[in-house]
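Reader: I'm new to looking at proteins in 3D. Could you walk me through this one?

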Amino acid sequence: MEKSSSENAIPPAAAPLKLFGSWASSYTHRVQLALRLKGLEFDYVEEDLGNKSAELLRHNPVHKKVPVLVHGGRALPESDIILQYLDDAWPETRQLLPADAFDRALARFWCHFADDKLGPAVGAVFASTGEDQGAAVRQVHDNLALLEAELRDGAFRGRRFFGGDEVGLLDIVLGCGSYWLAVFEDVTGVRLVDADAFPRFHAWLRDFEALDEVRETIPAVDRLLEYARGLRHMLLGLAGAAAAPSSDAGPTAAAAPAAAAADIAVDI
């Protein structure tokens, strides 16, 4: 059905903002932090990732994930896309992307690196043991070495934050996942960020975590640890069940909980 012109109209900046998310989701935290840095008011809807609401599924029928930002009745999924939309829709607020076109493209590239390389490697450390975990740890360290080199000799040399004197898009994307590094270290016993091996990245992360807006956004570490311990236990249990010989129950019996656990893990 063709939409009316009023339905297609871009909502005014003053239209209400509603964010669908999950308290443990680093992707949700990205949007929450960006909204706070920009001074934008919003209503927050907490989702149960094991039993997602009909409203969330209606707003994001493609991926069925959080976060989803609803602005004036129009829904937008995917955290990176939402962050860039906030810059476009509220140009008078603190900008997350640099003004220079090349610097903007560079920030987007390293955001993609964070989601495509670093994040999955950290997740693999968390969800594995033994040789598989060792290989994942090496991948994390290789990725951190690339970021360390950029902070030492590359495009971000001499900067307090990747965005310069203030946090920008890349800081938000990296920072709202990097706090999981310390949580996963505690849960797995595997050290991922060594201050001696990655001094600039380590200093950046400490400065990022010290910001008032970040402290307001990231949940208490005790709560994160409890959540992470439970999730790791579930994931390792499912991995063990998948590797075991099939039983009379058949593969379908484990499919539903395995899918649900994988979905929750991806959402964080």
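Author: Sure, and one term to begin with: a residue counts as buried when its relative accessible area is under 20%, as exposed when over 50%, and as partly exposed in between. Keep in mind that this is a predicted model.

Reader: Okay, is arginine 30 buried or exposed?

Author: Its relative accessibility is 4%. The cut-off for that lower class is under 20%. Because 4% falls below it, arginine 30 is buried.

Reader: Which residue meets arginine 30 in a salt bridge at 2.6 Å, N to O?

Author: The partner sits in helix α5, while arginine 30 is in helix α2, 85 residues apart. With a relative accessible area of 27%, that partner is partly exposed. Arg30 also belongs to a salt-bridge network with Asp80 and this partner. The residue you're after is aspartate 115.

Reader: What is the distance between the closest N and O atoms of arginine 94 and glutamate 166?

Author: These two come from distant parts of the chain: arginine 94 from the loop between α4 and α5, glutamate 166 from the loop between α6 and α7. Both are partly exposed, at 24% for arginine 94 and 46% for glutamate 166. They form a salt bridge, and their closest N and O atoms are apart by 3.5 Å.

Reader: And which element gives the most residues to the largest nonpolar core?

Author: That core has 64 residues, and Leu147 and Phe201 touch the most other members. Elements giving two or more residues include α5, α6, α7 and α8. The top contributor, with 12 residues, is α7.

Definitions and conventions:
Residues are numbered from 1 along each chain as its sequence is written. This is a predicted model: local features need pLDDT of at least 70, side-chain atom pairs count only at pLDDT 80 or more; totals for chains, interfaces and linings use all residues. Side-chain values use heavy atoms; hydrogens and water are left out. A nonpolar core is a set of buried Ala, Val, Leu, Ile, Met, Phe, Trp, Tyr and Cys residues joined through side-chain atoms within 4.5 Å. Buried means under 20% relative accessible area, exposed over 50%, partly exposed in between (1.4 Å probe, protein chains only). Helices (H or I, at least four residues) and strands (E, at least two) are DSSP runs, numbered from the N terminus. A salt bridge is a side-chain nitrogen of Lys or Arg within 4 Å of a carboxyl oxygen of Asp or Glu.
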